[in-house]
Amino acid sequence: LKVFKIQDFYFSRTQLYREYITSKGERETTLRERVPPLQLSGLSVQELQTLCRELHQKIDVVDEERYDISVKVAKNEKETADLNIKITELRGKMKRPALKRVKISADAMLGALLGSRVKESVDFKANLKTVKKEEEKKEEVTDWKKLFDAGQ
């Protein structure tokens with residue numbers, strides 16, 4: 001059983017087929033209601049030609065409306081894209097306030113983390129060992145002439 005995902009909805013093949021059949025049936029019923037079937041039998045050639053001209057005129061009107069709508073949609077899409085670009089530019093130009101550094105004690109940090117104040121103050125420095133850096137003895141650099149004289 002294959003499952004298809006369409007816009008966060010999952011459908012099986014049979015569900016999609018049923019949906020296709022129902023939409024096709026609805027289309028046919030709406031066409032029957034709105035557009036009566038043509039009765040071409042018994043019409044002369046002249047009447048058929050006038051009917052075809054009328055149909056072509058109606059098709060042209062619908063095509064013009066469709067074209068106008070598509071132009072309007074394209075114009076609106078372009079405007080929204082331009083506005084999105086302007087929004088991103090404005091976000092970049094706006095200066096955000098600098099965050100202030102706040103110094104708090106270790107007790108206050110524990111209080112914030114634990115959700116309540118620490119009853120006993122903890123001395124963190126008492127448990128730390130102090131480490132002293134041993135300074136390396138650097139040999140003094142002297143004049144080479146003095147070293148040469150001392151060697152002789």
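This short presentation covers the fold, the salt bridges and the surface patches of one protein chain.

The model is predicted, so local features need pLDDT of at least 70 and side-chain atom pairs count only at pLDDT 80 or more, while totals for chains, interfaces and linings use all residues. Residues are numbered from 1 along each chain as its sequence is written, and side-chain values use heavy atoms, with hydrogens and water left out.

I begin with the overall architecture. The protein chain has 5 helices and 2 strands, and its order along the sequence is β-β-α-α-α-α-α. Helices here are DSSP runs of H or I with at least four residues, strands are runs of E with at least two, and both are numbered from the N terminus.

Turning to exposure, 1% of the 152 residues in the protein chain are buried. Buried stands for under 20% relative accessible area, exposed for over 50%, and partly exposed for the range in between, with a 1.4 Å probe and protein chains only. About 16500 Å² of the protein chain is exposed, and 57% of that comes from carbon and sulfur atoms. Accessible areas follow the Shrake-Rupley method with a 1.4 Å probe; for residues, only the protein chains shown count as cover.

Next, the charged pairs. Side chains of opposite charge can pair when their charged atoms come close. There are 2 salt bridges in the structure, a salt bridge being a side-chain nitrogen of Lys or Arg within 4 Å of a carboxyl oxygen of Asp or Glu.

One joins R32 to E28, with an N to O distance of 3.9 Å. These residues lie 4 apart in helix α1, residues 13-34, and so about one helical turn separates them. R32 is exposed at 57% relative accessibility, whereas E28 is partly exposed at 41%.

R66 and D63 also form a salt bridge, their closest N and O atoms lying 3.6 Å apart. Both belong to helix α2, residues 45-93, where a spacing of 3 residues places them about one helical turn apart. R66 is exposed at 55%, and D63 is partly exposed at 36%.

Finally, the surface patches. Patches consist of residues with over 30% relative accessible area and no salt bridge, like charges being joined within 9 Å and nonpolar side chains (Val, Leu, Ile, Met, Phe, Trp, Tyr) within 5 Å. Which residues form the nonpolar patch on the surface? They are L38, L40, L43, L48 and L55, together offering about 410 Å² of accessible area. Among them, L38 sits in the loop between α1 and α2 and is exposed, at 56% relative accessibility.
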